[in-house]
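Dear colleague,

I am handing over the structure below, and after it I set out what was found. Please keep it open beside this message as you read.

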Amino acid sequence: MILPINIYSDDILRLKAKPLKGVDSGIEELVVSMFESMHNASGIGLAAPQVGRSIRLLVLDLSCLKNYEHEKPMVVINPHILSVRGYNEMEEGCLSVPGVQGDVVRPAVITLKYRDEHFKERIGEFSGMVARALQHEIDHLDGTLFVDRMEKRDRKKIQKELESLASGLVDTKYPVVARELVTISKHS
Ligand code: ZN
């Protein structure tokens with residue numbers, strides 16, 4: 001089922017999401033819907049709060065990116081970054097902040113402890129776009145958006161776009177959670 005995505009000024013995007021105690025059929029269904037919603041919106045990552053669930057769960061699929069064709073989709077539950085190495089700057093975007101891109105500095109390599117779709121504990125080291133996407137999505141679980149991490153000077157440049165999103169003016173090709181004010185959404 002394609003789920004509508006919560007947009008920028010929505011309160012749920014600012015909450016600290018709760019850890020999961022296990023995986024039941026409801027969570028399995030949610031994971032399927034999250035992949036479907038993410039692919040429908042041409043995204044490479046999606047965190048549960050973006051579809052209205054304040055729980056520590058995210059999905060990732062980078063296989064549409066050049067050089068990541070063989071990257072397997074990931075389900076990440078209760079992630080915990082154990083250590084980081086190096087820093088780099090990359091341009092980011094977000095399905096919850098449509099039409100906005102910006103450079104963000106983050107650690108280049110992370111060691112992550114998490115639970116997979118079977119709630120099995122795993123520890124892995126990630127670099128490149130995988131490390132980048134994981135950190136962006138983990139931020140969502142803590143109520144942080146990539147625009148919060150942009151340099152002040154860069155953020156000023158997108159202030160108008162953010163204000164417009166906050167006022168409910170949203171133009172996306174994927175369904176979004178309707179706001180009280182005007183919502184322009186071309187559901188395809
Ligand atoms: Zn995002």
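Helix 2 gives the largest share of the lining of the largest pocket, namely six residues, in a model that, please note, is predicted. This pocket holds about 490 Å³ of space, and among the 27 residues that line it, Ile44, Glu92, Gly93, Cys94 and Leu95 are the closest to its centre. Besides helix 2, the elements that give two or more residues to this lining are strand 3 (74–92) and strand 6 (171–172), and by class the lining divides into 10 nonpolar, 10 polar and seven charged residues.

Cys94 also takes part in the zinc site, where the ion is coordinated by Cys94 (SG), His136 (NE2) and His140 (NE2) at 2.0 to 2.2 Å. The two histidines both lie in helix 2 (residues 128–141), four residues apart, which is about one turn of the helix. His136 counts as buried because its relative accessible area, 8%, is under 20%, and His140 is likewise buried, at 1%.

The second largest pocket has about 210 Å³ of space and is lined by 13 residues, with Ile81, Gln135, Ile138, Asp139 and Arg149 nearest its centre. Strand 3, strand 4 and helix 2 each give two or more residues to this lining, the largest share, four residues, coming from strand 4.

Finally, there is one aromatic pair: Tyr114 and Phe126 are tilted, at 6.3 Å centre to centre with 55° between the planes. Tyr114 lies in strand 4 and Phe126 in strand 5, 12 residues apart, and both residues are buried.

With best wishes

Definitions and conventions. Residues numbered from 1 in each chain as written. Predicted model: local features only at pLDDT ≥ 70, side-chain atom pairs only at ≥ 80, totals over all residues. Heavy atoms only, no water. Phe/Tyr/Trp six-rings, centres within 6.5 Å; stacked < 30°, edge-to-face > 60°. Buried < 20%, exposed > 50% of the residue type's maximum accessible area, 1.4 Å probe, protein only. Donors = N, O, S within 2.8 Å, 3.2 Å for Na, K, Ca; no water. 1 Å grid on protein atoms, 1.4 Å probe; cavity = no way out; pocket = protein on both sides within 12 Å on 5 of 7 lines; lining within 4 Å. Points joined across faces, edges and corners; volume = space filled by probe spheres on them. Nonpolar A, V, L, I, M, F, W, Y, C, P; charged D, E, K, R; others polar.
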